[in-house]
Every structure is written in structure tokens, then in C-alpha cells.
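This report walks through one protein model. It covers confidence, the sheet, the core and the charged pairs.

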Amino acid sequence: MKKKSLNVKKHSHKKLFRNLKNLKIKRIYKVEIDKIFKNYEIKRMASKVYIGQKEWGRVEVLSQKRIRGRVIVDLSLHQGKKREIRRVMFRMKRKVFSLQRIKFGPIELGNLPIGQWRELSSTENQLLNNIKLINPSRA
């Protein structure tokens, strides 16, 4: 009996994640690359970039700054396809040194170490529920 309830719980978490993934929630990433983007490249990424396998990616550049020969770029995307940022960077002829998600919708990662997780606060749960209520057809 206990195993069945655990499986149901795990399954419900997977379903929740799948539903959140399909809501097109804004995700913010910090990416370390080799070269700064020119204005026409930023416009191209904001419209669409072919990323292979009959898929197109859209990425919005929020900020970019040069630090010791490398460029730190804050990017925003809504879709979150498999390796979308890495695939867009490849098409834009940029080498990715590091990639880190820093925000998922209203939830900020903060100082959470790599590979660790934390429980969501009641406020964060409420914010996610509000997002699901805004997009009920996708949840």
C-alpha cells in the first residue's frame, strides 16, 4: 500500500512539472560566452533562430557585459525546448563556457548550490497556482 501512494505522489510531481513546462513561463539564464552580441544578432534571436530538428528558438537578451575576455549575458526565454539556449548559441557562433538558470517565473534560484533543491515557500506555491489559473487551457 505504501509503495502505491509514493508512486502516485511521484507521478503527480512529474505531471505538475510537465504542466508548468508547457505554460511558457519566463525563464532567466546567466550565460558565459566568448563574444559580445551585435545589435542585429540580438534582433535576430528575438525574432527566431533555426535550432535544428524542425524547431525554432527565440531568446531575448536582457543584458551583456564583458568581464576578463569573456561575456556574461542574461537571457530570457519562454519555451524551454531541449538545450534551446545551447542550440541558439551554436547557431549564433558563440562558445558557451557556463549556463545557469537563475529564475523560473516568479521563483529565484538564489544561493542554492548546484545539484541541491529546496521546498517552495507558500508564497511561491501561490504564485505558481496563480500562473496556472491565468493559463487554464495549458495546465
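Two strands count as paired when DSSP finds at least two bridges between them. The model discussed here is predicted.

**Sheet**

By that rule, 5 strands make up an open sheet. Their order is β4-β5-β1-β6-β7, and the pairing is antiparallel. The edges are β4 and β7 (107-108), each of which pairs on one side only. Strands β1 and β5 run antiparallel and are joined by 7 bridges. Within this pairing, isoleucine 33 has valine 71 of β5 as its bridge partner.

**Confidence**

Mean pLDDT for the protein is 81. Of its residues, 78% reach 70 or more. Among the elements, strand β4 (residues 60-67) has the highest mean, 96. Helix α1 (residues 2-21) has the lowest, 46. Residues 1-12 have pLDDT below 50. That stretch makes 0 contacts in the model beyond near neighbours in sequence.

**Nonpolar cores**

Which residues have the most contacts inside the largest nonpolar core? They are Phe37, Met45, Leu75 and Met89, in a core of 17 residues. Four elements are listed as giving two or more residues to this core: β1 (27-33), β2 (49-52), β5 (70-77) and α3 (84-91). Strand β5 supplies the largest share, 4 residues. A second, separate core has 5 residues, including Phe104, Ile107, Leu128 and Ile131.

Leucine 75 shows how the main core is put together. Setting aside neighbours within four places in sequence, leucine 75 contacts Arg27, Ile28, Tyr29, Val31, Val59, Glu60, Val61, Leu62, Ile85 and Met89.

Aspartate 74 also lies in strand β5. What does its accessibility make it, buried or exposed? Aspartate 74 has 17% relative accessibility, so it counts as buried, the cut-off being under 20%. Its side chain is joined to that of lysine 30 by a polar contact of 3.1 Å. Residues up to four places away aside, aspartate 74 touches Tyr29, Lys30, Glu60, Val61, Leu62, Ser63 and Ile102.

**Helices α2 and α3**

The buried residues of α3 are Glu84, Ile85, Arg87, Val88 and Met89. They pack against β1, α2 (39-47), β2, β3 (55-57), β5 and β6 (96-104). After α3 comes lysine 93, with a positive phi near 60°.

Isoleucine 42 sits in helix α2. With a relative accessible area of 21%, isoleucine 42 is partly exposed. Beyond four places in sequence, isoleucine 42 contacts Phe37, Val61 and Gln64. Its C-alpha atom is 7.3 Å from that of glutamate 60, which is 18 residues away along the chain.

**Salt bridges**

Side chains of opposite charge can pair when their charged atoms come close. The structure holds 5 salt bridges. Three of them are listed here.

| Acidic residue | Basic residue | Closest N to O distance |
|---|---|---|
| Glutamate 41 | Arginine 94 | 2.7 Å |
| Glutamate 55 | Arginine 87 | 2.7 Å |
| Glutamate 124 | Arginine 118 | 2.9 Å |

Take the pair of arginine 94 and glutamate 41, with N and O atoms 2.7 Å apart. Arginine 94 is in the loop between α3 and β6, and glutamate 41 is in helix α2, so the pair ties together parts 53 residues apart in sequence. Arginine 94 counts as buried, at 9% relative accessibility. Glutamate 41 counts as buried too, at 10%.

The salt bridge between glutamate 55 and arginine 87 spans 2.7 Å, N to O. This pair links distant parts of the chain: strand β3 holds glutamate 55, helix α3 holds arginine 87, and they are 32 residues apart. Arginine 87 is buried, with a relative accessible area of 16%, whereas glutamate 55 is partly exposed at 25%.

The pair of glutamate 124 and arginine 118 meets at 2.9 Å. Glutamate 124 is buried at 13% relative accessibility. Arginine 118 is partly exposed, with a relative accessible area of 34%.

Technical notes: Residues numbered from 1 in each chain as written. Predicted model: local features only at pLDDT ≥ 70, side-chain atom pairs only at ≥ 80, totals over all residues. Heavy atoms only, no water. Core = buried A, V, L, I, M, F, W, Y, C linked by side-chain atoms within 4.5 Å. Buried < 20%, exposed > 50% of the residue type's maximum accessible area, 1.4 Å probe, protein only. Contact = heavy atoms within 4.5 Å. Salt bridge = Lys/Arg side-chain N within 4 Å of Asp/Glu carboxyl O. Polar contact = N/O pair within 3.5 Å; in protein donor to acceptor, adjacent residues only side chain to side chain. pLDDT = per-residue confidence, 0-100.
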